[in-house]
Amino acid sequence: MELYLDANATTPVLPQAREAALAAMADDFGNPSSIHSAGLKARALMDGVRARARRVLGADTGRLLFLSGATEGIQTAVLSALSACRRAAVKPELLLYGATEHKAVPEAIRHWNALLGLDLPLLAIPVGRDGRHDLAWLRSHAPRAGLVCTMAANNETGVISDLDGIADALAGSPALWMVDGVQALGKLPLRLAERRIDYAPFSGHKLYAPKGIGLLYVREVAPFTPLLAGGGQEGALRSGTENMSGIAALGAVLAALEEGQVFRGHGTLAAWRDRLADALRQAFPGVVFNAPAELCLPTTLNFAVPGVSARLLLDLFDAAELRVSGGSACSAAKSQPSDVLQAMGLPAWQAAEAVRLSFGPVVDEDFIDEACARIRVCGDSLRDSCMRPGAPAQALPAHGLTRFDSEGACCYLLADAASRRAVVIDPLPELTARLAQWLACQDYDLAAVLDTHSHGDHASSAVELWAATGQECGSVDSLGWPADAEAIELGALRLTRLALPGHTADSTAYLLHDAAGLRLTLIGDTVMPGALGRSDFPQSAPQQYAASLRRLADVVGPRGLLLPGHDYDDRFATTLAVECAAQPLLGELFGGRLDDGGFAQAKTALEQDLALTAYQTVACGARVDAGCALAGGELAPEALQNLLREPAGLVLVDVREPYEQRLGQTPELGPGATLEAVPLSGLPEALARWLALPAGTPLVFFCRSGNRSAQAARALRRLGYVQAWSLSGGLALWPRAAAGVDAALAI
Ligand code: PLP
């Protein structure tokens with residue numbers, strides 16, 4: 001069952017609100033502007049809800065409008081305030097907004113400031129490390145301000161603003177004051193009319209009403225300019241026929257709030273928040289909380305775990321059916337630091353790797369118990385995967401090849417469970433701590449740390465890795481190969497090397513053999529998916545490149561799997577046959593249409609305009625494969641369900657990482673299907689095995705959202721395996737036993 005812990009983003013609709021909305025659609029559907037009985041009924045309902053909202057918000061005076069949500073409320077308030085600034089006899093000099101405001105606020109101010117031709121300077125009110133506004137700063141700037149915007153509570157951190165302190169700092173200022181009350185609705189007593197707040201927008205969907213309904217409070221004496229003109233609804237302040245089902249639903253929520261049965265009080269919520277925080281401390285020792293609990297809404301926790309990315313935590317929580325969100329905007333590859341946490345002056349890693357957990361005030365104790373239990377299970381899973389910093393070994397010994405990558409650069413770890421020895425190939429400085437932690441947790445010895453060449457863009461971090469593990473390196477050559485060794489033996493696995501001068505004079509491939517023969521080749525940058533390593537560096541050997549490629553072909557053949565040192569497009573592996581088709585230059589060489597000298601010349605021409613190498617850019621080789629068609633390969637859930645019913649010899653591959661696989665749901669298998677668990681980090685090794693499957697065997701990859709599985713299917717298709725598919729939308733869209741809205745509400 002899904003546990004929804006992202007209430008600051010939106011909430012499910014309360015059952016009584018659903019019922020009220022349905023009744024307003026089915027029975028009391030009148031237009032409140034009509035003067036017949038149906039209309040009068042609708043108006044009475046609307047007036048009742050407005051009266052309730054006034055009581056809840058402490059707004060017995062002033063205007064209270066229904067509109068579509070907070071973004072519209074913010075526009076209306078800003079338009080009203082800036083229109084007044086434009087009319088003012090004495091023009092204000094500044095517009096101010098809190099540095100941690102929701103984007104809707106500064107964007108609205110920018111928009112209307114420009115559109116109205118005011119062009120006033122816009123300044124962010126700084127906040128302290130605790131997320132609260134710098135009141136001294138505000139006090140000194142307020143006399144020159146036309147508008148001041150300060151939210152009541154922050155959506156990312158839950159930090160509650162000191163509204164009385166702000167009111168004090170604004171004393172004597174001519175500025176109009178907007179307070180974004182979205183996250184405070186139902187959680188804080190706002191006493192709007194008592195304070196000198198001019199505008200306060202609210203949104204229904206943050207408090208168990210549907211999306212599309214909101215409120216705007218406007219102080220009696222505050223200037224007002226309608227955003228929407230038309231039929232004169234809402235006393236001509238906001239035209240357009242009212243959203244009666246939304247208003248009815250909001251009314252039901254406000255009624256529940258007033259009655260006090262369904263919504264929990266501050267003390268209970270704070271105690272539950274503290275229990276969730278304790279569970280996080282147990283699960284992730286070292287976790288840091290990004291805002292002081294005593295200043296925050298009792299329903300929000302914002303945290304980061306040193307050495308564990310937000311992306312990983314989100315995948316992990318999602319696998320445990322816990323829906324939390326990145327405290328910052330999180331793209332698939334790398335999280336963007338949160339503006340809010342940066343404004344608070346938190347260290348960059350904390351701002352980039354923050355996670356937000358927020359629950360709504362109607363959850364019950366069972367919900368919190370279950371969430372705490374699952375958080376602990378998440379911690380155990382991370383520990384068992386050797387991903388939890390400082391955790392002792394608990395996991396099964398790892399075996400085989402694991403790929404780590406950092407922005408396109410690939411590092412491989414080859415482990416042998418029998419001898420408990422491992423080799424690292426192309427170590428990356430940013431992975432040193434993680435690799436050392438992995439080796440310590442697994443209790444493996446390092447047999448070697450190898451580089452495929454002396455890198456143009458960074459120094460090898462082999463020495464640092466040896467030092468971080470506390471192990472002795474012994475006597476090795478400049479690429480880390482043990483002195484006098486023919487091969488590196490790792491149990492039944494064997495590594496040999498092949499010199500391939502070209503990209504650099506010392507470029508070397510490492511060949512991995514098992515009992516059956518050559519399994520795959522770690523090729524470095526000599527051949528990358530869609531590119532050849534550039535050979536215009538001082539340490540390059542361009543004249544020898546073609547001969548090296550021929551030597552490689554002799555040893556590995558056209559279909560031998562090559563694992564690259566850089567992989568900018570998530571292709572994972574390639575072969576000479578695939579690259580000959582993708583890269584004209586290679587095709588010409590192996591097609592006999594270019595001799596070695598001609599190859600070197602053509603390559604020089606290709607590299608003429610290549611930018612200088614900067615670390616982690618695409619400049620390690622000239623990409624020529626951009627047009628490669630890799631479309632298709634997605635299976636809708638229904639199509640997979642049909643396939644699973646057939647005894648078709650289907651192979652279903654879970655590409656989530658082990659820490660997710662331990663927790664997550666797996667599709668029901670049909671009679672002929674087999675299930676494999678191969679995380680993306682283990683994909684390069686598995687590709688060789690799959691390519692040897694009987695022709696026509698369908699392989700379907702799945703993951704959480706469909707992104708990683710699509711990468712896997714594309715990689716296999718590029719290698720010529722056309723029966724590779726990915727489950728579109730991932731497990732997120734896979735039909736499951738109904739969790740239901742009531743489960744999310746825990747009521
Ligand atoms: N202000 C805050 C603090 C919010 O959290 C949000 C929603 O995320 C908004 C404004 C925008 O609200 P709405 O979705 O109703 O437009």
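Here are some notes on the domains, a pocket and a few strands of this predicted model.

1. **The overall layout.** Start with the domains, since they give you a map for the rest. The protein is divided into four pieces: domain 1 (3-7 + 265-384), domain 2 (15-259), domain 3 (400-623) and domain 4 (634-733). Notice that domain 1 is written as two stretches of the chain, 3-7 and 265-384. If you want a distance to keep in mind, the C-alpha centres of domain 1 and domain 3 lie 39 Å apart.

2. **Where to find the pocket.** Next, have a look at the second largest pocket, with its volume of about 720 Å³. To get there in your viewer, pick E101, H102, K103, N155 and E156, which lie nearest the pocket's centre among its 40 lining residues. Which domains supply the lining? Domain 1 and domain 2 each give at least three residues to it.

3. **What the pocket wall is made of.** Sorted by type, the lining residues come out as 14 nonpolar, 17 polar and 9 charged. Several elements supply at least two lining residues each: helix 3 (70-87), strand 3 (94-98), helix 4 (104-115) and helix 10 (339-343). Which of the elements gives the most? That's helix 4, with 4 residues.

4. **A sheet of four strands.** Now for an open sheet, with its 4 strands in the order 9-10-13-12 and antiparallel pairing. Strand 9 (288-289) and strand 12 (325-326) are the edges, so to speak: each pairs on one side only. Zoom in on strand 12 and you'll see 2 bridges joining it to strand 13 (residues 355-358), with the two running antiparallel. One residue to click on here is G326, whose bridge partner in strand 13 is V355.

5. **The helix across that sheet.** Helix 9 (residues 310-319) lies across strand 10 (300-304), strand 12 and strand 13. How is helix 9 angled to strand 13? The helix runs at about 35° to that strand.

6. **Parallel strands further along.** Finally, try strand 30 (residues 724-727), which is joined by 2 bridges to strand 26 (residues 634-635), the two running parallel. E634 stands opposite S726 of strand 30. Strand 29 (residues 699-702) also runs parallel to strand 30, and 3 bridges join them. There, V700 has W725 in strand 30 as its bridge partner. While you're looking at strands, remember that side chains in a regular strand alternate between the two faces of the sheet.

Conventions:
Residues are numbered from 1 along each chain as its sequence is written. This is a predicted model: local features need pLDDT of at least 70, side-chain atom pairs count only at pLDDT 80 or more; totals for chains, interfaces and linings use all residues. Side-chain values use heavy atoms; hydrogens and water are left out. On a 1 Å grid over the protein atoms alone, a cavity is a set of points where a 1.4 Å probe fits but cannot get out, and a pocket is an open set with protein on both sides within 12 Å along at least five of seven lines; lining residues have an atom within 4 Å of a point. Grid points are joined across faces, edges and corners, and a volume is the space filled by probe spheres set on the points. Ala, Val, Leu, Ile, Met, Phe, Trp, Tyr, Cys and Pro count as nonpolar, Asp, Glu, Lys and Arg as charged, and the others, Gly among them, as polar. Domain bounds come from an automatic or database domain assignment. Contact means heavy atoms within 4.5 Å. Axes are lines fitted to C-alpha atoms, for helices over the stretch in contact, and angles run from 0 to 180 degrees between N-to-C directions.
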